[in-house]
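I am opening a notebook on this structure and will write down each thing I look up. The entries go from single helices to single residues.

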Amino acid sequence: MAEPTVQRVRIYLNGEDRFGDRPLYQALLAELRQSGATGATALPALAGFGPRRQVLPNTERQPVIIEWIDQATRIRRILPLIGELAGNALITIEPVEVAQGVLRPGGPFGAEQLVSDLMQTEAVGIAYDATLLAALEHIAMARAELLAVVQNETVVGTVSARELVWRGGLRLPPNLLSVLEPAERDAALAALKERTVGEIANREVRGVSLTTPIPQALVMMIEWGYTQVPVLDGQGRLAGMFGQREVLLAAARQPDPVDAADVGVRVGMVMQAATARVALGQPLATALAMLITAPSHLLFVVDSDGRLAGILQLSNVLKHLQGDERNVLLAAVQRSQPTPAATLPGARRAIDALVEPAPAAVAFDAGLGAAARQLLNVNAERLPVVDSDGRLSGIITRGALVRALLQQSE
């Protein structure tokens with residue numbers, strides 16, 4: 001006989017049962033929620049007795065029943081976790097027929113998709129006593145934002161590209177190192193020499209388990225402000241890495257709707273309208289003041305009609321500057337405070353000769369899957385969004401796309 005699709009679990013407790021410093025029923029509800037259960041309710045009973053035939057006479061010892069209705073496959077996954085918390089409780093399972101209601105809204109992820117289904121399994125941690133130069137090399141080679149810090153085979157923290165810049169003393173974004181002259185590169189890396197990962201690592205281990213449902217993992221990442229998190233096994237060892245790229249890969253694999261009317265959520269609904277942009281003919285010095293503080297050190301360039309004309313990147317500008325102008329710009333990038341345009345090079349030169357073609361643009365009415373594919377194809381953090389006339393409407397970032405996909409899956 002086939003397993004029923006939907007089941008009801010009942011967990012019978014005494015009101016006096018506790019887990020740590022809180023009632024056991026509260027601990028069980030919290031575990032169900034964090035493990036991705038669709039929903040559960042704690043019901044107080046007026047009176048009752050169990051195998052010992054003891055009637056519970058007062059409200060503090062009032063019986064409590066947790067009723068949990070969910071997909072059978074999800075119950076099978078989560079129930080062992082509940083058994084560990086409530087080892088002495090009576091737990092029953094029975095099939096139910098749902099006459100009305102939706103157990104889980106549709107979304108880009110299957111109802112039972114876990115972090116382990118999408119994570120990078122080739123992830124390699126960085127040793128706690130490794131040098132910061134080694135960490136930088138790992139980040140550059142893997143194009144990663146985050147490394148898991150490992151000590152005695154256990155993940156004890158993380159170190160990110162951002163921490164290398166500001167806590168490690170790098171002061172320059174890692175992606176600019178490739179356009180530096182040898183002497184400039186040596187000077188930039190001098191602060192990292194003789195320092196170890198353990199000196200700057202974030203010792204608060206923020207990771208997810210192999211059995212964490214994907215929507216739950218995304219909520220945690222958004223709360224922490226992370227684009228990537230380590231995945232840990234039951235012993236706290238590194239099992240993989242999970243991040244925005246894996247989510248976008250899953251979304252990109254979904255087929256596009258045949259009927260344009262069924263695209264659903266469109267890029268224009270989730271894009272960021274405010275963009276770091278400049279116009280052709282803008283003085284280079286003015287653009288540089290914006291470029292230094294712009295996300296990813298990139299500006300979108302428009303023509304006089306607001307149509308996308310290309311991009312301006314700090315790395316490309318550096319390639320074309322020499323001597324004092326180059327030194328001034330490098331010094332400005334390494335400051336923590338904004339630099340006035342009047343002190344930057346290029347006050348009498350326009351940006352036009354330094355503008356590069358945009359790698360790709362996303363249509364305003366494109367679906368989320370199409371946007372995910374375009375971001376992945378060019379390995380970009382953000383892409384311009386254009387209307388039917390090619391005018392720049394806004395930008396779509398990996399983070400905004402992931403949040404939109406999460407909302408569809410909750």
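**Entry: helix α9.** I began with which residues of α9 are buried, and found Gln-244, Glu-246, Val-247, Leu-248, Ala-250, Ala-251 and Ala-252. That is seven of the nine residues of α9, so the helix is largely enclosed by the rest of the structure. I note here that the model is a predicted one.

**Entry: α9 against α14.** Two packed helices are described by the angle between their axes and the distance between the axes. I looked up both for α9 (residues 244-252) and α14 (residues 368-377): the axes come within 8 Å and cross at roughly 125°. Angles over 145 degrees would count as roughly antiparallel and 65 to 115 as roughly perpendicular, so α9 is oblique to α14. The crossing of α9 past α14 is left-handed.

Which residues meet there? From α9 I listed Arg-245, Leu-248, Leu-249, Ala-251 and Ala-252, and from α14 Gly-369, Ala-372, Arg-373, Leu-375 and Leu-376. Leu-248, Ala-251 and Ala-252 are among the buried residues of α9 as well.

**Entry: the whole chain.** I stepped back for the totals. The protein chain has 15 helices and 18 strands. Of its 410 residues, 43% are buried. I also took the contacts between residues at least 6 apart in sequence, and 66% of these join residues at least 24 apart.

**Entry: helix α2.** I checked the length of α2, which covers residues 72-85. Its 14 residues, at 1.5 Å a residue, should span 20 Å, and the C-alpha atoms at its ends are 20 Å apart, so the two agree. The helix does bend, by about 35° at Ile-78, and the proline Pro-80 follows within four residues.

An α-helix has 3.6 residues a turn, so residues three or four places apart point the same way. With that in mind I wrote down the buried residues of α2: Ala-72, Arg-74, Ile-75, Arg-77, Ile-78, Leu-79 and Ile-82. Ile-78, where the bend was found, is in that list.

**Entry: Gln-62.** I found Gln-62 in the loop between β4 (40-44) and β5 (63-71). Beyond its neighbours within four places in sequence, Gln-62 contacts Asn-14, Gly-15, Pro-44, Ala-45 and Leu-46. Gly-48 is 14 residues from Gln-62 in sequence, and their C-alpha atoms are 8.0 Å apart.

**Entry: Thr-158.** This residue belongs to strand β9 (residues 154-160). Is Thr-158 buried or exposed? Its relative accessible area is 2%, so I entered Thr-158 as buried. Apart from residues within four places in sequence, its contacts are Leu-146, Leu-147, Val-149, Glu-163, Ala-201, Asn-202, Tyr-226 and Pro-230. I also looked up Glu-204, which is 46 residues from Thr-158 in sequence and 7.8 Å from it, C-alpha to C-alpha.

**Entry: Arg-162.** Arg-162 sits in helix α5. With a relative accessible area of 64%, Arg-162 is exposed. Pro-174 lies twelve residues from Arg-162 in sequence, with 9.2 Å between the C-alpha atoms.

**Entry: two residues of α13.** Helix α13 covers residues 323-333 and holds Arg-326. I found Arg-326 buried, at a relative accessible area of 4%. Not counting residues up to four places away, Arg-326 touches Val-179, Leu-180, Glu-181, Glu-184, Leu-318, Lys-319 and Leu-321.

Ala-332 is in α13 too. Ala-332 is buried, with a relative accessible area of 1%. On the same terms as before, it touches Ile-292, Thr-339 and Leu-344. The C-alpha atoms of Ala-332 and Leu-344 are separated by 8.2 Å, with the two residues twelve apart along the chain.

**Entry: positive phi.** Most residues other than glycine have a negative phi. I noted two residues that depart from this.

Arg-171 is not a glycine, yet its phi is positive at about 70°. It lies in the loop between α5 (161-166) and α6 (182-189). Its relative accessibility is 30%, so Arg-171 counts as partly exposed.

His-297 also has a positive phi, near 50°. Where does His-297 lie? I placed His-297 in the loop between α11 (284-293) and β14 (298-302). At 15% relative accessibility His-297 counts as buried, since the cut-off for buried is under 20%.

Terms used:
Residues are numbered from 1 along each chain as its sequence is written. This is a predicted model: local features need pLDDT of at least 70, side-chain atom pairs count only at pLDDT 80 or more; totals for chains, interfaces and linings use all residues. Side-chain values use heavy atoms; hydrogens and water are left out. The expected span of a helix is 1.5 Å times one less than its number of residues. The bend at a residue is the angle between axes fitted to the seven residues ending there and the seven starting there. Buried means under 20% relative accessible area, exposed over 50%, partly exposed in between (1.4 Å probe, protein chains only). Axes are lines fitted to C-alpha atoms, for helices over the stretch in contact, and angles run from 0 to 180 degrees between N-to-C directions. Angles under 35 degrees count as roughly parallel, over 145 as roughly antiparallel, 65 to 115 as roughly perpendicular and the rest as oblique. A crossing is left-handed if the near helix is turned anticlockwise from the far one by less than a right angle, and right-handed if clockwise. Contact means heavy atoms within 4.5 Å.
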